Each structure stands twice: as structure tokens, then as C-alpha cells.
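Open the structure in your viewer and keep the selection box ready. Each stop below tells you what to select next and what is there.

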Amino acid sequence: MANLKEIRSRITSVSSTMKITSAMKMVSAAKLKKAQDQMQNIKPYSSALKNSINNLLPSINSSEVRLLSSSCSEDKKLIITISSNRGLCGGFNANIFKAAKKETANNTEIFCVGKKVSEQFARTKYNILKKEINILDTPTAALSRSISELIISGFTQGKWSEVVLMYNKFKNAATQTVCSEKILPIRVDKNELEIDTERKDYVFEPDKTQIINSLIPEKIHTQLFEGILNSIASEHGARMTAMHKATDNAQDLKDGLTLQYNRQRQAAITNEILEIVAGAEALKDS
């Protein structure tokens with residue numbers, strides 16, 4: 001059984017840990033609000049861009065639209081995995097790694113956005129195409145566009161038959177779901193296509209084909225950037241939840257140690273009193 005000094009030392013250590021986890025929770029809560037604002041700001045643009053594409057596609061010959069099909073001669077996939085650069089966020093990074101492993105094959109390439117998932121894939125010797133870390137610390141549309149342009153260029157050159165984006169989608173601070181989206185080739189969902197029976201006869205300049213071929217790459221840029229912002233918000237939410245649970249667990253551990261310390265201290269005092277009484281009785285008898 002631990003003595004009083006050891007228990008007191010453990011109580012001090014747990015108290016220090018609890019201060020750290022509580023501070024990390026508050027920091028994550030503040031960062032989460034900023035990340036949520038960034039995520040919400042891009043949604044109107046993303047939604048309007050998607051609607052514009054769905055409005056034009058029905059009236060255009062699909063053979064004239066780039067990025068609707070792959071020129072790759074083999075079934076080769078590129079998976080873009082978005083994780084975090086830091087840990088202490090529960091199963092946030094592990095969930096992405098497990099989901100990506102299920103979709104990998106021998107000829108699959110991995111584009112790692114985030115330090116944690118790149119370390120995990122490096123240890124398992126997967127074919128890593130490239131690693132990108134800085135964008136998670138300073139998420140900008142320019143950095144995201146440089147990544148998407150590299151991917152679009154590789155796809156048009158026939159390097160991959162499909163490109164899949166995998167990230168944690170933000171639902172709320174306590175819930176993040178692993179989302180897998182096929183971003184290339186572009187999938188045309190007929191249920192989402194706008195069918196307007198009273199469509200007006202618009203005059204397009206340039207023509208519809210040029211417009212749609214310029215909008216689709218923009219959609220991919222936006223989809224990737226939106227995925228990164230979702231992942232950043234999910235990371236802060238996951239870390240806030242993990243640190244909240246860690247703080248509660250530390251408090252429970254501290255309460256248990258304090259109770260154990262008080263019991264042992266009281267037992268020691270009782271033993272000392274018994275020894276004093278026994279000594280006094282022994283003196284009386286002598």
C-alpha cells in the first residue's frame with residue numbers, strides 16, 4: 001500500500017494534469033467557434049456552384065465535358081486522407097486510418113493531408129504520393145487550390161481511375177462522422193439535376209460547354225477546401241470532447257486518492273493515539 005507521501009505526490013500530479021486538460025478544452029472550444037464560422041462561410045458558395053452545374057449539365061453533351069470520365073487504363077485509385085497534425089483528440093485520426101485501409105489495394109496511392117495519418121501510413125509502408133501538413137495550421141483557399149490542381153492534372157494525365165476524398169465531417173462538437181466522397185470522375189446524379197419545364201432561353205457567353213468545363217474544376221477546389229475546413233472543425237470538437245472526459249476522469253481519480261489519503265492519515269493518527277494511551281497506561285502500571 002502506498003504511503004501518505006506517495007499518495008500526496010499522486011494527488012499533486014493528477015491536479016496538474018487536470019489543469020492542462022481543462023485549459024486544452026477551453027482552447028479547443030475557442031478554436032472550434034472560429035473553424036465553424038469558416039465552414040459556414042463557404043457553404044453558400046459551394047451550394048450555388050453545385051446548383052449552377054446541375055442546371056447546365058442536362059443541356060450539354062456529356063462527351064464534351066472534361067473530368068466526367070477517366071483515361072486511366074487500369075483500376076488505380078487515389079485516396080486523399082485528411083487528419084490532424086496533433087493528437088489528444090480521441091479516435092479522430094484512427095477512424096480515418098481504419099476507413100482508408102478498407103478501401104486500399106496494392107496499386108492505391110495515398111495523398112496525406114495531416115501529420116498523424118501520414119505517420120500511420122508510413123509505418124505500414126503504403127504508397128504515399130505526397131504529404132501536406134501546413135494547410136491545417138493556416139487553411140487558405142490558395143493552398144487548397146494548389147493541392148486540387150495537382151490532383152486534377154494527374155487525373156487528366158491518366159494516373160488514376162478515380163479519386164476519393166476521406167475526412168471527418170462535422171456534425172456537432174460531440175459527433176464527427178467519417179465521410180468518403182468520390183470527387184473524380186465527376187458523378188452526375190440525375191435526382192439532383194434541375195428540371196425546369198418553363199426554362200427561359202438564356203444567352204450564354206461563352207458557350208455552355210466552356211462554362212461547365214470551367215465550373216467543374218472550381219467545384220473540386222471548393223469540395224476539397226470544404227472537406228479541410230470540416231476536418232479542422234471536427235478535430236477541435238473531438239479534442240474538446242476528449243479533454244472534457246479526461247478532466248472528469250482526473251477529477252474522479254483525484255477524489256479517490258483524496259479519500260484514500262484521508263483514510264490513511266486518520267488511521268495513522270489513531271495508531272499514534274493508541275500508542276500514546278498504551279504508553280501512559282504502561283507508566284501507570286509501573
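Start with one term: a residue is buried under 20% relative accessible area, exposed over 50%, and partly exposed in between, with a 1.4 Å probe and protein chains only. Helices (H or I, at least four residues) and strands (E, at least two) are DSSP runs, numbered from the N terminus. This is a predicted model, in which local features need pLDDT of at least 70, side-chain atom pairs count only at pLDDT 80 or more, and totals for chains, interfaces and linings use all residues. Residues are numbered from 1 along each chain as its sequence is written, and side-chain values use heavy atoms, with hydrogens and water left out.

**Stop 1: the sheet**

Select the five strands. They form an open sheet in the order β3-β2-β1-β4-β5. The pairing is mixed. Two strands pair if DSSP finds at least two bridges between them.

Which strands stand at the edges? They are β3 (128-132) and β5 (175-184). Each has a single partner strand, so one side of each is left without a neighbour in the sheet. Now look at the twist. Neighbouring strands are turned by 20 degrees against each other on average, direction ignored. The angles come from axes, which are lines fitted to C-alpha atoms, for helices over the stretch in contact; they run from 0 to 180 degrees between N-to-C directions.

**Stop 2: strand β4**

Select residues 162-172, which are strand β4. β4 is mostly covered, with eight of its 11 residues buried. Now add residues 77-82, strand β1. Five bridges join β1 to β4, and the two run parallel. Find two of the facing pairs: I79 stands opposite V164, and I80 stands opposite L165.

Turn to β5. β4 and β5 pair in the antiparallel sense over nine bridges. They form a hairpin with two residues between them. Here Y167 in β4 stands opposite C179 in β5.

**Stop 3: S161, before β4**

Select S161. This residue is in the loop between α5 (141-156) and β4. Is S161 buried or exposed? S161 is buried, because its relative accessible area is 16%. Contact means heavy atoms within 4.5 Å. Leaving aside neighbours within four places in sequence, S161 is in contact with residues including S70, C72, F155 and P185. For a distance, pick the C-alpha atoms of S161 and F92: they are separated by 28 Å, with the two positions 69 residues apart along the chain.

**Stop 4: strand β2**

Select residues 109-113. Five of the five residues of β2 are buried, so this strand is largely enclosed by the rest of the structure. β2 pairs with β1 in the parallel sense over five bridges. The bridge partner of L78 in β2 is E109.

In a regular strand the side chains alternate between the two faces of the sheet. Show the side chains of β2. E109, F111 and V113 point one way, while I110 and C112 point the other way.

Stay on F111, which is in β2. F111 counts as buried because its relative accessibility is 1%. Not counting residues up to four places away in sequence, F111 touches nearby residues including L78, I80, L129, I147 and L150.

**Stop 5: S84 and H221**

Select S84, in the loop between β1 and α2 (92-103). S84 is buried, with a relative accessible area of 0%. Beyond four places in sequence, S84 touches residues including C89, F92, L136 and E235.

Next, select H221 in helix α6. H221 is buried, at 8% relative accessible area. Beyond four places in sequence, H221 touches S144, R145, S148, E149 and I152.

**Stop 6: a pocket**

Rolling a probe the size of a water molecule over the atoms shows where empty space is left. On a 1 Å grid over the protein atoms alone, a pocket is an open set of points with protein on both sides within 12 Å along at least five of seven lines, and lining residues have an atom within 4 Å of a point.

Find the second largest pocket, with a volume of about 360 Å³. Of its 16 lining residues, the closest to its centre are K31, R86, L136, I232 and H236. Which element gives the most to the lining? It is α1, with seven residues.

Terms used: On a 1 Å grid over the protein atoms alone, a cavity is a set of points where a 1.4 Å probe fits but cannot get out, and a pocket is an open set with protein on both sides within 12 Å along at least five of seven lines; lining residues have an atom within 4 Å of a point. Grid points are joined across faces, edges and corners, and a volume is the space filled by probe spheres set on the points.
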